[in-house]
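Biologist: Please take one part of this model and go through it slowly with me, then show me what sits elsewhere in the chain. Keep it informal, and tell me what your terms mean as you go.

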Amino acid sequence: MAYPGGKPPVNPDPEIHFLLPSVEEPFFRSLGRNIKEFIRPPKLPPLEVTSKPVAVKEIWGFYGGQGKRAGMTSFLVHVGVLALLFFLGTNKVVQQVVKQQIELIAPDIAPYKPTVKKDAMHGGGGGGDRSPTPVSKGKLPKLANRQFVPPMISHVENPKLVMDPTLIMPPDTNIPKVDSPNLGDPLSKSGIASNGFGSGGGMGSGRGGGIGPGSGPGYGPGSGGGMGGGAYRIGGGVSPPAIIFKVEPEYSEEARKAKFQGTVTLSVVVDEKGNPRDIKITRPLGLGLDQKAVEAVEKWKFSPGKKDGKPVPVFAQIEVNFRLL
């Protein structure tokens, strides 16, 4: 085709050739060219950099300085804590206080076992109306947590208001069983109807609204309710006694010469006035330290344990530590 002037016209849309069909290069030629370029890559003209670096403001300087300062502060704090712990651990006064520490602990240090009913409450009760004869034999009344009427042989005929007598004891307490229609002491040997020569209501030779030789609304020896045992154990509404004055135990000469150390465990009853009594050695140490521990605890003074807000005798266990400095 002939063009005017001998030249083809200029295409105003140069991108149009991408839409036209093109002749693809044979694969063997492109493969050969790729191998040749891989073995002998063509040299490219040098890269000319036309941009220049521009200085900017340092944005990390402030935080970088603070990071170094924070690291140094943390290091100094850790060093100070370690130095304080080392000082307390090597201080003789602190060591002496720790080594001579004496504590009052609860007697039932093992985990609580609700099936152990005998440790829930100990105490007792008694009463009477000053009869000349001992209390008669009979059955115990109902057990309850509150008492409105004490158990007694009534001398009133046809009372207008009748209430069942009760004893203050846990309802599941194992009590003596007597097949009798009348109230009385199951352990009594008297068959004559009598409330006993005690006082304060109830039946027996004690005082209070219970039955037996004790004091209170329970049954048996002891006081404060429950079934006779002489003293309560911590728990079941009974609070533990607390030390308000104590004497440090002395070291025996034999133990000091032998440089002997250890712990003596004592079983103690703290009475209603806060005095220790019935002190027994449950875990001895020997070399005269057991007696020294007993002599020291005998001089202690306690705030008594309480039940229902009233002081009662309570069993306690005390550990007395002997340590040489």
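Modeller: Let's start with cover: a residue is buried under 20% relative accessible area, exposed over 50% and partly exposed in between, using a 1.4 Å probe and counting protein chains only. By that yardstick, 30% of the 325 residues of the protein chain are buried. Before we zoom in, keep in mind that this is a predicted model, where local features need pLDDT of at least 70 and side-chain atom pairs count only at pLDDT 80 or more, while totals for chains, interfaces and linings use all residues. Residues are numbered from 1 along each chain as its sequence is written, and side-chain values use heavy atoms, with hydrogens and water left out.

The protein chain has five helices and twelve strands. Those are DSSP runs numbered from the N terminus: H or I over at least four residues for a helix, E over at least two for a strand. The part I'd pick is strand S7, which is mostly covered, with eight of its nine residues buried.

What does S7 pair with? One partner is S8: S7 (residues 262-270) and S8 (residues 276-283) run antiparallel, with five bridges between them. The other is S12, also antiparallel to S7, and here nine bridges do the joining. For a pair to count, DSSP has to find at least two bridges between the strands.

You can pick out individual bridges. On the S8 side, Leu 266 is partnered with Ile 281, and Ser 267 with Lys 280. On the S12 side, Thr 263 has Asn 321 as its bridge partner.

Now look at Thr 265, which is also in S7. Thr 265 has a relative accessible area of 4%, so it counts as buried. Contact here means heavy atoms within 4.5 Å. Setting aside neighbours within four places in sequence, Thr 265 is in contact with Lys 280, Ile 281, Thr 282, Arg 283, Gln 317, Ile 318 and Glu 319. As background, side chains in a regular strand alternate between the two faces of the sheet.

Follow the chain out of S7 and you reach a hairpin: five residues lie between S7 and S8, and Gly 274 in the turn has a positive phi of about 85°. Most residues other than glycine have a negative phi. Two non-glycine residues worth a look are Asp 278 and Lys 259. Asp 278, in strand S8, has a phi near 50°. With a relative accessible area of 47%, Asp 278 is therefore partly exposed. Lys 259 belongs to the loop between H4 and S7, and its phi is near 55°. Because its relative accessible area is 65%, Lys 259 is exposed.

S12 also brings in an aromatic ring. Rings of Phe, Tyr and Trp (its six-membered ring) pair if their centres lie within 6.5 Å; planes under 30 degrees apart are stacked, over 60 edge-to-face, and the rest tilted. The count by this rule is two pairs. Tyr 251 and Phe 322 make an edge-to-face pair, 5.7 Å centre to centre with 90° between the planes. That pair links distant parts of the chain, 71 residues apart: Tyr 251 is in the loop between strand S6 (242-245) and helix H4 (253-258), while Phe 322 is in S12 (residues 314-322). Both Tyr 251 and Phe 322 are buried. Trp 300 and Phe 302 form a tilted pair, 6.2 Å centre to centre and 45° between the planes, and both of them are buried too.

Long-range links turn up across the whole chain: among contacts with a separation of 6 or more, 72% are between residues 24 or more positions apart.

For contrast, go to the surface. The protein chain exposes about 23,000 Å², with carbon and sulfur atoms supplying 61% of it; accessible areas come from the Shrake-Rupley method with a 1.4 Å probe, and for residues only the protein chains shown count as cover. Leu 31, Ile 35, Phe 38 and Ile 39 make a nonpolar surface patch of about 480 Å². Within that patch, Ile 35 lies in helix H1 (residues 27-39). At 45% relative accessible area, Ile 35 is partly exposed.

Patch residues have over 30% relative accessible area and no salt bridge; like charges are joined within 9 Å, and nonpolar side chains (Val, Leu, Ile, Met, Phe, Trp, Tyr) within 5 Å. A salt bridge is a side-chain nitrogen of Lys or Arg within 4 Å of a carboxyl oxygen of Asp or Glu.
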